[in-house]
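User: I've got a model open and would like to go through some of the labels on it. Can you walk me through them?

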Amino acid sequence: MNRVKKLTNFLEKRYGYPETGRTPHFQLLISTVLSQRTRDENTAKASKQLFSVARTPQAISKLPLKKIEKLIKPSGTYRQKALHIKKISKIILKDYKGRVPKTREELMKLPGVGYKTADVTLSYGFGVKTIAVDVHVGRIPKRIGIVDKKANVEEVRKILESLIKGRKRFLVNMGLVRFGQEICKPINPKCPECPLNIICNYYKKRGCVYEKR
Ligand code: SF4
């Protein structure tokens with residue numbers, strides 16, 4: 001069995017498939033903007049505070065900027081995020097009749113929306129079979145050795161999508177985020193106890209001895 005298959009089998013068995021299409025598209029997009037460069041708990045707090053006051057582009061576009069800043073303060077870089085969120089709301093109202101656009105190109109024209117935010121919205125919101133590359137997805141496949149170390153975010157997505165087809169792509173983002181938080185941490189990954197160490201270049205190069213399994 002090749003390494004990619006072993007990885008997807010592992011992710012499926014351990015973490016399963018994420019739910020898609022459950023969160024309203026607009027809220028998913030705004031939560032993902034809020035999640036940039038902060039921890040999950042901060043994102044959750046900021047999203048809850050904002051959506052308890054306003055959860056549609058109509059409602060958010062009417063809020064004063066200072067009010068949005070106050071509501072999303074837990075998410076960090078809140079002034080810039082508030083500006084982006086207000087602008088996104090206005091653009092969605094004006095150019096898309098209040099609906100979140102469904103293509104990567106359109107999403108990435110929105111302020112503060114890069115590859116990760118666009119792909120999270122597409123995959124978790126619209127059920128598009130794409131792979132959102134966040135810090136964990138950008139790190140782990142490089143360590144294992146299925147993606148070139150020098151690949152940038154967009155190249156990582158393209159390489160992974162050339163290797164992983166169809167529905168299995170939904171396993172990658174959620175699975176690697178959780179795996180990256182539990183085992184393959186950015187610093188001090190738990191290699192000796194990692195179920196994937198047998199297929200991992202990083203482990204092999206560090207001279208660790210494979211455990212028999
Ligand atoms: S062996 Fe180490 S580096 Fe490789 S996937 Fe597991 S935790 Fe990450």
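User: What follows α9, and what is the sign of its phi?

Analyst: Gly145 comes right after α9, and its phi is positive, near 110°. Keep in mind that this is a predicted model.

User: What makes His136 count as buried in α9?

Analyst: A residue is called buried if 20 or more other C-beta atoms lie within 10 Å of its own. His136 is listed as buried, so it meets that cut-off. Val137, Arg139, Ile140, Pro141 and Ile144 in α9 are buried too.

User: Which helices do the buried residues of α9 pack against?

Analyst: They pack against α1 (3-14), α10 (153-163), α11 (169-182) and α12 (201-205).

User: How do you know that Leu160 touches Val172?

Analyst: Contact is called if the C-beta atoms lie within 7 Å, so this pair passes that test. Leu160 also touches Ile131, Pro141 and Val147, not counting residues up to four places away in sequence.

User: Which residues touch the most other members of the largest nonpolar core?

Analyst: Of its 48 residues, those are Ile72, Ile85, Val137, Leu160 and Val172. Helix α2 (residues 25-34) gives the largest share of this core, 6 residues. Domain 1 (3-16 + 132-205) and domain 2 (25-126) each put in at least three residues.

User: And the ligand: what surrounds it?

Analyst: There are 14 residues around the ligand, and the closest are Cys184, Pro189, Cys191, Cys194 and Cys200. The largest share of that shell, 3 residues, is from α9.

User: How many residues of the shell are nonpolar?

Analyst: The shell has 11 nonpolar residues, with 1 polar and 2 charged. Cys and Pro count as nonpolar, so the closest residues belong to that class.

Note on methods
Residues numbered from 1 in each chain as written. Predicted model: local features only at pLDDT ≥ 70, side-chain atom pairs only at ≥ 80, totals over all residues. Buried ≥ 20, exposed ≤ 12 C-beta atoms within 10 Å, placed from the backbone. Helix = DSSP H or I, 4+ residues; strand = E, 2+ residues; numbered from the N terminus. Contact = placed C-beta atoms within 7 Å. Near = placed C-beta within 6 Å. Core = buried A, V, L, I, M, F, W, Y, C linked by C-beta atoms within 7 Å. Domains from an automatic or database assignment.
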